[in-house]
Amino acid sequence: MNFETDEQQRDFAASIDAALGASDVPAAVRAWGEGDTAPGRKVWAQLTDLGVTALLVPEKFDGIEAHPTDLVVALERLGYWGVPGPVTESIAVAPILLADDERCGALASGELIATVALPPQVPRAVDADTAGLILLAQDGQVHDGSAGASHESVDPTRKLFDVAASGDARTADTATAYEFGVLATAAQLVGAGQAMLDQAVEYAKQRTQFGRVIGSYQAIKHKLADVHIAVELARPLVYGAALSLADGSSDTARDVSAAKVAAADAALLAARSALQTHGAIGFTQEHDLSLLLLRVQALRPAWGDPALHRRRVLEGLS
């Protein structure tokens, strides 16, 4: 089976990189954490122009109704750049829960950013104070929701909120929505892992110790090579999970969970290695690496922690 992206997908990824690379995303992330979402919303507007927010929206609502592998292509790049906001929830999950709801059109056009709570795996909604739509989904039903108490996250840009139902229940495919949430989070973790590896490699070419650049030391080469291997092993699992979702495979839960576990492990290894390569400077607030370090710590348990997903893999194999 070939998991290589096609030319159109590579061009799509390159266009996202070009837009986000020119947008000073780290500054937008820092502002978002301090309560100023305006720079972050400008980043989201660029994503809308590229069609990212419309990927899973049905065509009848001016969406793209794209294949799940296209979602993975986009979400990996968003994870690489560390885009703030409810990325998984608004781009990957809300379109599934809303389905025939006309508000899907507002998601596609970027007029609406949504967040989601889906208990028990996702008991709280991220960024419910800034999202234009809060959804509470469970057991095949979805309600509009209202934000309750706020809870701090390890990542200050991802505030978590209790959610209470505030509208009538509507039928929704909550099972599929959950799998898309896990897939989207896994893709972001792969992107974040790749970003930290790239930063570590560049820093290893510059930092000197005992009169030599540290990248010349065999131990550093091996450490970064291990990260590269982990990321490259996780990526095809994520694409394989996207194919399972697209085909409605009976192994979808197993495949999606395997992707999340591999992506979370790869991102954690990348975080540890990048921090060790940079030294203490990498965890200072002024250094952009710190933003990814915190994002990975927040995304690893998001949409189900590794223990949950390992259990699902085991159940899928038994």
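Here is a walk through this structure, from its helical start to its strands, its loops and an enclosed cavity.

First, some ground rules: the model is predicted, so local features are only described at pLDDT of at least 70 and side-chain atom pairs only at pLDDT 80 or more, while totals for chains, interfaces and linings use all residues. Residues are numbered from 1 along each chain as its sequence is written, and side-chain values use heavy atoms, with hydrogens and water left out.

Let's begin with helix α2, residues 25-33. Helices here are DSSP runs of H or I with at least four residues, strands are runs of E with at least two, and both are numbered from the N terminus. In α2, Val-25, Ala-28, Val-29, Ala-31, Trp-32 and Gly-33 are buried. Buried means under 20% relative accessible area, exposed means over 50%, and partly exposed is in between, using a 1.4 Å probe and protein chains only. What lies over those buried residues? The cover includes α1 (7-21), α3 (38-49), α4 and α10. After α2 comes Gly-35, with a positive phi near 95°.

One of those covering helices, α4 (residues 68-81), holds Arg-77. You might look for this charged side chain on the outside, but Arg-77 counts as buried because its relative accessibility is 13%. Setting aside residues up to four places away in sequence, Arg-77 touches Ala-13, Ile-16, Asp-17 and Leu-20; touching, or contact, means heavy atoms within 4.5 Å.

Now step to the loop between α3 and α4, where you'll find His-67. His-67 is partly exposed, at 33% relative accessibility. Its contacts reach far along the chain: neighbours within four places aside, His-67 is in contact with Ala-242, Leu-243 and Ala-246. His-67 and Leu-245 are 178 residues apart in sequence, yet their C-alpha atoms are 9.4 Å apart in space.

On to the strands. β5 (160-165) is a handy one to follow, since it pairs with two others. Strands pair if DSSP finds at least two bridges between them. Strand β2 (residues 125-126) and β5 pair in the antiparallel sense over two bridges, while β4 and β5, also antiparallel, are joined by five. Phe-161 turns up in both pairings: this β5 residue is the bridge partner of Ala-125, and Ser-150 stands opposite it too.

The loops around these strands have some backbone quirks. Most residues other than glycine have a negative phi, and most peptide bonds are trans. Pro-119 and Pro-120, however, are joined by a cis peptide bond with omega about 5°, and Pro-120 lies in the loop between β1 (114-117) and β2. In the loop between β3 (133-138) and β4, Asp-139 has a positive phi of about 55° although it is not a glycine. Another residue with a positive phi is Trp-303, near 60°, in the loop between α10 (289-299) and α11 (306-317).

Are these two residues buried or exposed? Asp-139 is exposed, with a relative accessible area of 72%, whereas Trp-303 is buried, at 2% relative accessibility. Another buried loop residue is Asp-155, at 3%, which sits between β4 (141-151) and β5. Leaving out residues up to four places away in sequence, Asp-155 touches Leu-294, Arg-295 and Ala-298.

Arg-295 and Trp-303 both come back in the lining of the largest cavity. A cavity is a set of points on a 1 Å grid over the protein atoms alone where a 1.4 Å probe fits but cannot get out, and lining residues have an atom within 4 Å of a point. There are two cavities of 30 Å³ or more, and the largest has a volume of about 60 Å³. Volume here is the space filled by probe spheres set on the points, with grid points joined across faces, edges and corners. Its lining includes Val-83, Glu-89, Arg-158 and Gln-188. Which helix gives the most to this lining? That's α5, with three residues, and α5 (87-98), α7 (174-204) and α10 each supply at least two.

Finally, a UniProt record (an unreviewed entry) places the feature "domain: Acyl-CoA dehydrogenase/oxidase C-terminal" at residues 183-316. UniProt positions follow the numbering used here, feature names are shortened, and annotations may be inferred rather than shown by experiment. In the model, that span is 75% helix and 3% strand, and its end C-alpha atoms lie 17 Å apart.

Note on methods: 1 Å grid on protein atoms, 1.4 Å probe; cavity = no way out; pocket = protein on both sides within 12 Å on 5 of 7 lines; lining within 4 Å.
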